[in-house]
Amino acid sequence: MIYYSYMDALLNSVWHYVGILWPYGLAILIVHTFIQKWMEYVRTDFNIKQGSTLLEIKIPREIMKSPLAMELVFTALHLPIDGNWVSSYLKGNVRPWFSCEIISDEGNIRFFIWTQTKFKDTVEAQLYAQYPTVEVYEVPDYVSRFKFDPEKQDLYGACFKLTAPDVYPIKTYVDYGMDKDPKEEFKIDPLTSTLETMSTLKKGEQMWIQIIIQAHMSKGLKAGHLFKTKNWQDEAKEEIEKIREESTPKTEDDYPGFPNPTKGEMEKIAAIERSIGKFPFDCAIRGMYFADKEIYNKGRPGVLGGVFRQYSSNYLNGFKRGWHINFDYPWQDFMGIRLTGFKRAFFEAYRTRGYFHGPFKNFAEKPFILMTEELATIFHFPGSVSQAPGLSRIPSKKSDAPSNLPI
(Lines give C-alpha, C1' and ligand atoms only; values in the text may rest on other atoms or scores of the structure.)
Protein backbone atom coordinates (compact mmCIF):
# COMPACT_ATOMS: atom_id res chain seq x y z
CA MET A 1 0.00 0.00 0.00
CA ILE A 2 2.82 2.38 0.88
CA TYR A 3 4.50 1.55 -2.47
CA TYR A 4 1.38 2.44 -4.48
CA SER A 5 0.93 5.69 -2.53
CA TYR A 6 4.52 6.62 -3.33
CA MET A 7 4.04 5.84 -7.03
CA ASP A 8 0.82 7.87 -7.17
CA ALA A 9 2.58 10.86 -5.61
CA LEU A 10 5.48 10.53 -8.00
CA LEU A 11 3.22 10.34 -11.06
CA ASN A 12 1.19 13.30 -9.87
CA SER A 13 4.38 15.30 -9.43
CA VAL A 14 5.60 14.33 -12.91
CA TRP A 15 2.30 15.30 -14.54
CA HIS A 16 2.31 18.54 -12.60
CA TYR A 17 5.67 19.59 -14.03
CA VAL A 18 4.71 18.33 -17.49
CA GLY A 19 1.65 20.56 -17.37
CA ILE A 20 3.82 23.53 -16.46
CA LEU A 21 6.66 22.93 -18.92
CA TRP A 22 4.94 21.58 -22.04
CA PRO A 23 3.99 25.02 -23.42
CA TYR A 24 7.66 26.06 -23.24
CA GLY A 25 8.78 22.83 -24.93
CA LEU A 26 6.19 23.28 -27.65
CA ALA A 27 7.29 26.88 -28.19
CA ILE A 28 10.93 25.80 -28.52
CA LEU A 29 9.93 23.08 -31.00
CA ILE A 30 7.92 25.57 -33.09
CA VAL A 31 10.74 28.12 -33.10
CA HIS A 32 13.33 25.47 -34.01
CA THR A 33 11.15 24.12 -36.85
CA PHE A 34 10.51 27.63 -38.15
CA ILE A 35 14.23 28.46 -38.16
CA GLN A 36 15.05 25.23 -40.01
CA LYS A 37 12.39 25.82 -42.67
CA TRP A 38 13.29 29.49 -43.01
CA MET A 39 16.99 28.67 -43.45
CA GLU A 40 16.10 26.05 -46.07
CA TYR A 41 13.99 28.58 -47.96
CA VAL A 42 16.45 31.49 -47.95
CA ARG A 43 19.42 29.24 -48.74
CA THR A 44 17.63 27.66 -51.68
CA ASP A 45 16.72 31.11 -52.98
CA PHE A 46 20.30 32.33 -52.47
CA ASN A 47 21.80 29.33 -54.28
CA ILE A 48 19.46 29.66 -57.26
CA LYS A 49 20.45 33.31 -57.68
CA GLN A 50 24.17 32.43 -57.73
CA GLY A 51 23.88 30.44 -60.95
CA SER A 52 26.16 27.54 -61.82
CA THR A 53 28.86 26.73 -64.36
CA LEU A 54 30.22 23.40 -65.51
CA LEU A 55 33.85 23.28 -66.60
CA GLU A 56 35.30 20.41 -68.61
CA ILE A 57 39.01 19.75 -68.28
CA LYS A 58 40.74 18.18 -71.27
CA ILE A 59 44.11 16.72 -70.43
CA PRO A 60 47.19 16.47 -72.66
CA ARG A 61 49.17 13.36 -73.54
CA GLU A 62 51.82 14.14 -70.95
CA ILE A 63 51.27 15.41 -67.41
CA MET A 64 54.53 15.37 -65.51
CA LYS A 65 53.12 16.55 -62.17
CA SER A 66 52.13 14.48 -59.16
CA PRO A 67 48.71 14.82 -57.47
CA LEU A 68 50.34 17.45 -55.25
CA ALA A 69 49.44 19.92 -58.01
CA MET A 70 45.76 19.04 -57.58
CA GLU A 71 46.14 19.32 -53.82
CA LEU A 72 47.19 22.94 -54.28
CA VAL A 73 44.07 23.52 -56.40
CA PHE A 74 41.88 22.14 -53.59
CA THR A 75 43.74 24.24 -51.04
CA ALA A 76 42.83 27.36 -53.04
CA LEU A 77 39.20 26.22 -53.14
CA HIS A 78 39.01 25.88 -49.37
CA LEU A 79 36.75 28.91 -48.86
CA PRO A 80 35.23 28.98 -45.35
CA ILE A 81 33.02 31.97 -46.19
CA ASP A 82 29.93 31.98 -43.99
CA GLY A 83 29.20 35.70 -43.95
CA ASN A 84 27.85 37.65 -40.98
CA TRP A 85 24.65 37.02 -39.02
CA VAL A 86 22.50 39.17 -41.31
CA SER A 87 23.70 37.52 -44.52
CA SER A 88 23.37 34.05 -42.99
CA TYR A 89 19.86 34.31 -41.54
CA LEU A 90 18.22 36.89 -43.79
CA LYS A 91 19.93 36.36 -47.15
CA GLY A 92 20.76 32.66 -46.85
CA ASN A 93 24.48 33.09 -47.55
CA VAL A 94 26.26 29.73 -47.44
CA ARG A 95 29.79 28.47 -47.91
CA PRO A 96 30.55 27.77 -51.58
CA TRP A 97 30.67 24.15 -52.66
CA PHE A 98 32.09 22.40 -55.69
CA SER A 99 31.46 19.13 -57.47
CA CYS A 100 34.36 17.21 -59.00
CA GLU A 101 33.06 14.67 -61.48
CA ILE A 102 34.45 11.79 -63.52
CA ILE A 103 32.03 10.31 -66.02
CA SER A 104 32.09 7.49 -68.53
CA ASP A 105 29.89 8.27 -71.52
CA GLU A 106 29.68 4.93 -73.31
CA GLY A 107 33.26 4.22 -72.25
CA ASN A 108 34.62 7.71 -73.02
CA ILE A 109 36.03 9.26 -69.83
CA ARG A 110 35.69 12.96 -69.13
CA PHE A 111 36.60 15.24 -66.19
CA PHE A 112 34.39 18.08 -64.93
CA ILE A 113 34.25 20.60 -62.10
CA TRP A 114 30.91 22.19 -61.26
CA THR A 115 30.95 25.54 -59.45
CA GLN A 116 28.83 28.53 -58.65
CA THR A 117 29.28 31.02 -61.47
CA LYS A 118 31.03 33.63 -59.36
CA PHE A 119 33.89 31.19 -58.65
CA LYS A 120 34.36 30.15 -62.28
CA ASP A 121 37.39 32.39 -62.82
CA THR A 122 38.94 31.19 -59.55
CA VAL A 123 38.65 27.54 -60.55
CA GLU A 124 40.06 28.19 -64.03
CA ALA A 125 42.97 30.25 -62.69
CA GLN A 126 43.95 27.60 -60.16
CA LEU A 127 43.76 24.80 -62.74
CA TYR A 128 45.95 26.68 -65.21
CA ALA A 129 48.35 27.67 -62.43
CA GLN A 130 49.08 24.05 -61.58
CA TYR A 131 48.35 22.39 -64.93
CA PRO A 132 49.33 24.93 -67.64
CA THR A 133 49.01 22.34 -70.42
CA VAL A 134 45.34 21.41 -69.82
CA GLU A 135 42.42 23.03 -71.62
CA VAL A 136 39.40 24.21 -69.63
CA TYR A 137 36.06 24.86 -71.34
CA GLU A 138 32.71 26.06 -70.07
CA VAL A 139 30.25 23.46 -71.37
CA PRO A 140 26.52 22.69 -71.17
CA ASP A 141 25.61 20.32 -68.37
CA TYR A 142 25.94 16.76 -69.66
CA VAL A 143 23.18 15.64 -67.28
CA SER A 144 20.67 17.78 -69.22
CA ARG A 145 21.09 15.41 -72.18
CA PHE A 146 19.38 12.69 -70.19
CA LYS A 147 16.06 12.22 -68.51
CA PHE A 148 15.42 9.16 -66.40
CA ASP A 149 12.35 7.29 -67.62
CA PRO A 150 11.61 4.22 -65.44
CA GLU A 151 9.54 2.73 -68.26
CA LYS A 152 12.52 2.63 -70.63
CA GLN A 153 15.61 2.79 -68.42
CA ASP A 154 17.03 1.18 -65.32
CA LEU A 155 19.21 3.06 -62.84
CA TYR A 156 21.43 2.17 -59.91
CA GLY A 157 22.83 4.72 -57.49
CA ALA A 158 25.01 4.45 -54.41
CA CYS A 159 26.56 6.75 -51.82
CA PHE A 160 29.96 6.02 -50.34
CA LYS A 161 31.07 6.38 -46.74
CA LEU A 162 34.23 5.83 -44.71
CA THR A 163 35.10 2.55 -43.02
CA ALA A 164 36.58 4.29 -39.94
CA PRO A 165 36.22 7.64 -38.10
CA ASP A 166 37.04 10.83 -40.03
CA VAL A 167 40.32 11.40 -38.20
CA TYR A 168 41.89 8.41 -39.96
CA PRO A 169 43.01 9.20 -43.53
CA ILE A 170 42.58 6.93 -46.53
CA LYS A 171 45.53 5.52 -48.48
CA THR A 172 46.77 8.54 -50.42
CA TYR A 173 49.12 9.28 -53.29
CA VAL A 174 51.88 9.83 -50.69
CA ASP A 175 51.48 6.22 -49.55
CA TYR A 176 51.78 5.17 -53.21
CA GLY A 177 55.05 7.13 -53.54
CA MET A 178 53.66 9.65 -56.03
CA ASP A 179 54.76 12.63 -53.94
CA LYS A 180 58.34 12.06 -55.11
CA ASP A 181 57.47 12.67 -58.80
CA PRO A 182 58.94 9.41 -60.11
CA LYS A 183 59.28 8.74 -63.82
CA GLU A 184 56.02 7.85 -65.55
CA GLU A 185 57.01 4.21 -66.05
CA PHE A 186 57.54 3.81 -62.30
CA LYS A 187 54.36 5.55 -61.12
CA ILE A 188 51.59 3.63 -59.40
CA ASP A 189 48.49 5.79 -59.75
CA PRO A 190 45.48 4.41 -57.82
CA LEU A 191 43.10 6.44 -59.99
CA THR A 192 44.04 4.23 -62.95
CA SER A 193 41.96 1.35 -61.54
CA THR A 194 38.84 3.53 -61.54
CA LEU A 195 39.46 4.80 -65.07
CA GLU A 196 40.09 1.31 -66.43
CA THR A 197 36.81 0.11 -64.92
CA MET A 198 34.86 3.01 -66.38
CA SER A 199 36.43 2.47 -69.81
CA THR A 200 34.71 -0.91 -70.16
CA LEU A 201 31.25 0.56 -70.69
CA LYS A 202 29.49 -0.20 -73.97
CA LYS A 203 27.31 1.89 -76.26
CA GLY A 204 24.26 3.25 -74.42
CA GLU A 205 25.76 2.85 -70.91
CA GLN A 206 26.50 5.70 -68.52
CA MET A 207 28.54 5.64 -65.29
CA TRP A 208 29.02 8.86 -63.33
CA ILE A 209 30.99 9.65 -60.16
CA GLN A 210 30.34 12.86 -58.26
CA ILE A 211 32.53 14.18 -55.41
CA ILE A 212 30.82 17.13 -53.70
CA ILE A 213 33.03 19.23 -51.41
CA GLN A 214 32.64 22.21 -49.09
CA ALA A 215 35.18 23.76 -46.73
CA HIS A 216 34.75 22.19 -43.31
CA MET A 217 33.95 24.40 -40.32
CA SER A 218 32.65 23.65 -36.85
CA LYS A 219 28.88 24.06 -36.83
CA GLY A 220 27.31 26.75 -34.67
CA LEU A 221 24.50 29.26 -34.40
CA LYS A 222 25.63 31.16 -37.48
CA ALA A 223 25.08 27.99 -39.51
CA GLY A 224 21.65 27.39 -38.01
CA HIS A 225 22.69 24.84 -35.36
CA LEU A 226 21.87 25.19 -31.68
CA PHE A 227 25.05 23.51 -30.47
CA LYS A 228 28.58 23.96 -31.75
CA THR A 229 30.35 20.79 -32.82
CA LYS A 230 33.82 19.76 -31.70
CA ASN A 231 36.76 20.93 -33.79
CA TRP A 232 38.08 18.20 -36.12
CA GLN A 233 41.69 18.85 -35.17
CA ASP A 234 40.87 18.42 -31.48
CA GLU A 235 39.28 15.05 -32.24
CA ALA A 236 42.37 14.02 -34.17
CA LYS A 237 44.67 14.98 -31.29
CA GLU A 238 42.45 13.06 -28.86
CA GLU A 239 42.70 9.98 -31.09
CA ILE A 240 46.49 10.27 -31.13
CA GLU A 241 46.57 10.42 -27.33
CA LYS A 242 44.27 7.39 -27.18
CA ILE A 243 46.63 5.39 -29.40
CA ARG A 244 49.61 6.41 -27.24
CA GLU A 245 47.82 5.39 -24.06
CA GLU A 246 46.99 1.99 -25.53
CA SER A 247 50.67 1.50 -26.37
CA THR A 248 51.79 2.38 -22.82
CA PRO A 249 52.05 -0.72 -20.60
CA LYS A 250 51.26 -0.68 -16.89
CA THR A 251 53.88 -1.58 -14.27
CA GLU A 252 53.24 -3.89 -11.32
CA ASP A 253 52.40 -0.82 -9.21
CA ASP A 254 49.84 0.25 -11.87
CA TYR A 255 52.00 3.17 -12.97
CA PRO A 256 52.32 3.92 -16.69
CA GLY A 257 55.50 2.60 -18.20
CA PHE A 258 57.45 3.70 -21.24
CA PRO A 259 55.33 3.90 -24.44
CA ASN A 260 56.08 1.03 -26.81
CA PRO A 261 53.91 1.51 -29.91
CA THR A 262 53.86 -1.11 -32.62
CA LYS A 263 54.81 -0.25 -36.20
CA GLY A 264 51.12 -0.06 -37.12
CA GLU A 265 50.39 2.31 -34.23
CA MET A 266 53.32 4.53 -35.20
CA GLU A 267 52.05 4.65 -38.79
CA LYS A 268 48.57 5.58 -37.53
CA ILE A 269 49.95 8.46 -35.48
CA ALA A 270 52.13 9.69 -38.36
CA ALA A 271 49.22 9.58 -40.83
CA ILE A 272 46.87 11.46 -38.49
CA GLU A 273 49.49 14.09 -37.68
CA ARG A 274 50.13 14.63 -41.40
CA SER A 275 46.39 15.14 -41.94
CA ILE A 276 46.13 17.75 -39.19
CA GLY A 277 48.33 20.06 -41.24
CA LYS A 278 46.01 19.88 -44.28
CA PHE A 279 42.80 21.75 -45.07
CA PRO A 280 39.61 19.78 -44.34
CA PHE A 281 36.51 19.50 -46.55
CA ASP A 282 33.04 18.16 -45.88
CA CYS A 283 32.47 15.58 -48.60
CA ALA A 284 29.89 13.36 -50.21
CA ILE A 285 30.55 10.84 -52.97
CA ARG A 286 27.88 9.42 -55.29
CA GLY A 287 28.11 6.88 -58.05
CA MET A 288 25.43 6.20 -60.66
CA TYR A 289 25.01 3.72 -63.50
CA PHE A 290 22.10 3.65 -65.92
CA ALA A 291 21.17 2.43 -69.37
CA ASP A 292 18.18 1.37 -71.43
CA LYS A 293 16.62 -1.78 -70.02
CA GLU A 294 17.58 -3.81 -73.10
CA ILE A 295 21.31 -3.26 -72.52
CA TYR A 296 21.39 -2.69 -68.72
CA ASN A 297 24.27 -4.77 -67.30
CA LYS A 298 23.33 -6.18 -63.88
CA GLY A 299 27.00 -6.69 -63.06
CA ARG A 300 27.84 -2.98 -63.22
CA PRO A 301 26.33 -2.00 -59.80
CA GLY A 302 28.68 -4.38 -58.00
CA VAL A 303 31.64 -3.01 -59.96
CA LEU A 304 30.59 0.57 -59.19
CA GLY A 305 30.55 -0.23 -55.48
CA GLY A 306 34.23 -1.19 -55.62
CA VAL A 307 35.73 1.62 -57.70
CA PHE A 308 37.36 3.17 -54.60
CA ARG A 309 38.65 -0.03 -52.99
CA GLN A 310 42.28 0.81 -53.85
CA TYR A 311 42.20 3.71 -51.38
CA SER A 312 41.43 1.45 -48.42
CA SER A 313 43.90 0.48 -45.73
CA ASN A 314 43.42 -2.18 -43.05
CA TYR A 315 44.88 -0.02 -40.30
CA LEU A 316 43.72 3.44 -41.41
CA ASN A 317 40.60 4.26 -43.43
CA GLY A 318 38.89 3.56 -46.72
CA PHE A 319 35.65 3.75 -48.65
CA LYS A 320 32.74 1.37 -48.69
CA ARG A 321 29.35 1.43 -50.28
CA GLY A 322 26.77 3.01 -48.01
CA TRP A 323 23.15 3.70 -48.91
CA HIS A 324 22.23 2.32 -52.31
CA ILE A 325 19.13 1.83 -54.40
CA ASN A 326 18.03 -1.66 -53.48
CA PHE A 327 15.69 -3.62 -51.23
CA ASP A 328 16.58 -6.97 -49.70
CA TYR A 329 13.07 -8.36 -49.52
CA PRO A 330 10.05 -7.95 -51.84
CA TRP A 331 7.66 -6.93 -49.04
CA GLN A 332 9.83 -3.86 -48.32
CA ASP A 333 8.67 -2.30 -51.58
CA PHE A 334 5.33 -3.56 -52.82
CA MET A 335 5.01 -3.19 -56.63
CA GLY A 336 8.31 -1.25 -56.82
CA ILE A 337 6.80 2.12 -55.98
CA ARG A 338 9.45 3.13 -53.44
CA LEU A 339 12.29 1.91 -55.65
CA THR A 340 11.14 4.07 -58.56
CA GLY A 341 10.83 7.06 -56.22
CA PHE A 342 14.37 6.55 -54.92
CA LYS A 343 15.74 6.36 -58.47
CA ARG A 344 14.02 9.61 -59.47
CA ALA A 345 15.22 11.39 -56.31
CA PHE A 346 18.79 10.15 -56.73
CA PHE A 347 18.94 11.32 -60.34
CA GLU A 348 17.55 14.74 -59.38
CA ALA A 349 19.99 15.11 -56.47
CA TYR A 350 22.86 14.35 -58.83
CA ARG A 351 21.56 16.77 -61.46
CA THR A 352 21.26 19.68 -59.02
CA ARG A 353 24.50 18.83 -57.18
CA GLY A 354 22.39 19.12 -54.06
CA TYR A 355 23.71 17.80 -50.77
CA PHE A 356 24.71 20.38 -48.17
CA HIS A 357 21.44 22.30 -48.37
CA GLY A 358 17.77 21.58 -49.10
CA PRO A 359 15.92 19.97 -50.68
CA PHE A 360 18.52 17.17 -50.85
CA LYS A 361 20.39 17.99 -47.65
CA ASN A 362 22.54 15.04 -46.51
CA PHE A 363 20.77 12.88 -49.09
CA ALA A 364 20.99 9.22 -48.00
CA GLU A 365 24.32 9.55 -46.13
CA LYS A 366 25.90 12.03 -43.72
CA PRO A 367 28.94 13.99 -44.97
CA PHE A 368 32.42 12.91 -43.96
CA ILE A 369 35.70 14.82 -43.80
CA LEU A 370 38.56 14.48 -46.29
CA MET A 371 41.79 16.47 -46.38
CA THR A 372 43.17 18.11 -49.52
CA GLU A 373 45.70 15.28 -49.84
CA GLU A 374 42.92 12.68 -49.84
CA LEU A 375 40.81 14.63 -52.35
CA ALA A 376 43.77 15.03 -54.71
CA THR A 377 44.26 11.27 -54.56
CA ILE A 378 40.76 10.40 -55.77
CA PHE A 379 40.46 13.31 -58.22
CA HIS A 380 43.46 14.42 -60.29
CA PHE A 381 44.59 14.34 -63.89
CA PRO A 382 46.64 11.22 -64.62
CA GLY A 383 49.85 11.14 -66.61
CA SER A 384 50.72 8.70 -69.35
CA VAL A 385 50.95 5.91 -66.78
CA SER A 386 47.20 5.63 -67.24
CA GLN A 387 46.50 3.86 -70.51
CA ALA A 388 42.74 3.50 -70.03
CA PRO A 389 41.33 3.13 -73.56
CA GLY A 390 38.44 5.50 -72.90
CA LEU A 391 40.64 8.33 -71.60
CA SER A 392 40.96 10.79 -74.48
CA ARG A 393 43.80 13.29 -74.49
CA ILE A 394 44.52 16.45 -76.46
CA PRO A 395 47.73 16.53 -78.56
CA SER A 396 49.03 19.68 -76.90
CA LYS A 397 47.84 22.92 -75.35
CA LYS A 398 47.09 25.69 -77.81
CA SER A 399 49.25 28.78 -77.35
CA ASP A 400 49.74 32.16 -78.94
CA ALA A 401 52.28 32.64 -81.71
CA PRO A 402 55.75 33.86 -80.63
CA SER A 403 56.01 37.65 -80.43
CA ASN A 404 59.29 37.78 -82.42
CA LEU A 405 57.98 36.35 -85.71
CA PRO A 406 58.81 38.50 -88.79
CA ILE A 407 55.94 40.53 -90.18
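The largest nonpolar core of this predicted model has 57 residues. Met70, Phe111, Phe319, Phe379 and Phe381 have the most contacts inside this core. Strand 7, residues 280-292, gives the most to it, with five residues. Apart from this core lies another, of 27 residues. Its members include Trp114, Cys159, Ala284 and Met288.

Phe379 shows what the surroundings of one core residue look like. Leaving out residues up to four places away in sequence, Phe379 touches Met70, Phe74, Cys100, Glu101, Ile102, Phe111, Phe112, Ile113 and Ile211. Two of those names, Met70 and Phe111, also stand among the residues with the most contacts in the core.

**The chain as a whole**

The chain holds ten helices and nine strands. It has 407 residues, and 46% of them count as buried. Its accessible surface comes to about 22300 Å². Carbon and sulfur atoms make up 58% of that surface. Among contacts with a separation of 6 or more, 81% are between residues 24 or more positions apart.

**Helix 4 and its cover**

Which residues of helix 4 are buried? In this helix, residues 120-130, they are Lys120, Val123, Glu124, Leu127 and Gln130. They sit on the same side of helix 4, because they cover an arc of only 145 degrees around the axis. Several elements cover them. Among these are strand 1 (52-58), helix 2 (68-76) and strand 2 (97-105). Strand 3 (108-116) and strand 4 (135-139) are also part of the cover.

**Salt bridges**

A search of the whole structure finds 16 salt bridges. Side chains of opposite charge can pair when their charged atoms come close. Three of the pairs are set out here.

| Pair | N to O distance | Separation in sequence |
|---|---|---|
| Glu71 and Lys278 | 2.8 Å | 207 residues |
| Glu101 and Arg353 | 2.8 Å | 252 residues |
| Asp141 and Arg353 | 2.6 Å | 212 residues |

Take Glu71 and Lys278 to begin with. Their side chains meet in a salt bridge. Glu71 lies in helix 2, and Lys278 in the loop between helix 7 (263-276) and strand 7, so the pair ties together parts that are 207 residues apart in sequence. Glu71 counts as buried, at 5% relative accessibility. Lys278 is partly exposed, with a relative accessible area of 21%. Both belong to a network of salt bridges that also links Asp175, Arg274 and Glu373.

Arg353 forms a salt bridge with Glu101 and another with Asp141. Where does Arg353 lie? It is found in the loop between helix 9 (337-352) and strand 9 (368-371). Glu101 is in strand 2, so its pairing with Arg353 links distant parts of the chain, 252 residues apart. Both Glu101 and Arg353 are buried. Asp141 comes from the loop between strand 4 and strand 5 (153-162). Asp141 counts as partly exposed, at 23% relative accessibility, whereas Arg353 is at 0%.

**Two positive phi values**

Most residues other than glycine have a negative phi. Arg353 has a positive one, near 55 degrees. Glu106 does too, with phi near 60 degrees. Glu106 is found in the loop between strand 2 and strand 3. Is Glu106 buried or partly exposed? Glu106 is partly exposed, with a relative accessible area of 31%. Arg353, by contrast, is buried, with a relative accessible area of 0%.

**Two buried helix residues**

Glu239 lies in helix 6, residues 232-246. Glu239 is buried, yet has no salt bridge. Which side chain of opposite charge is nearest to Glu239? That is Lys242, 4.8 Å away. A salt bridge needs the nitrogen within 4 Å of a carboxyl oxygen, so a distance of 4.8 Å does not qualify. Leaving aside neighbours within four places in sequence, Glu239 is in contact with Val167, Tyr168 and Ile272.

Thr194 lies in helix 5, residues 191-198. Thr194 counts as buried, at 1% relative accessibility. Beyond its neighbours within four places in sequence, Thr194 is in contact with Ile209, Val307, Phe308, Gln310 and Tyr311. The C-alpha atoms of Thr194 and Leu304 are separated by 9.1 Å. Along the chain, Thr194 and Leu304 are 110 residues apart.

Conventions: Residues are numbered from 1 along each chain as its sequence is written. This is a predicted model: local features need pLDDT of at least 70, side-chain atom pairs count only at pLDDT 80 or more; totals for chains, interfaces and linings use all residues. Side-chain values use heavy atoms; hydrogens and water are left out. Helices (H or I, at least four residues) and strands (E, at least two) are DSSP runs, numbered from the N terminus. Buried means under 20% relative accessible area, exposed over 50%, partly exposed in between (1.4 Å probe, protein chains only). Contact means heavy atoms within 4.5 Å. Accessible areas come from the Shrake-Rupley method with a 1.4 Å probe; for residues, only the protein chains shown count as cover. The arc is that of the directions from the helix axis to the C-beta atoms. Lys and Arg count as positive and Asp and Glu as negative; His and the chain ends are not counted. A nonpolar core is a set of buried Ala, Val, Leu, Ile, Met, Phe, Trp, Tyr and Cys residues joined through side-chain atoms within 4.5 Å.
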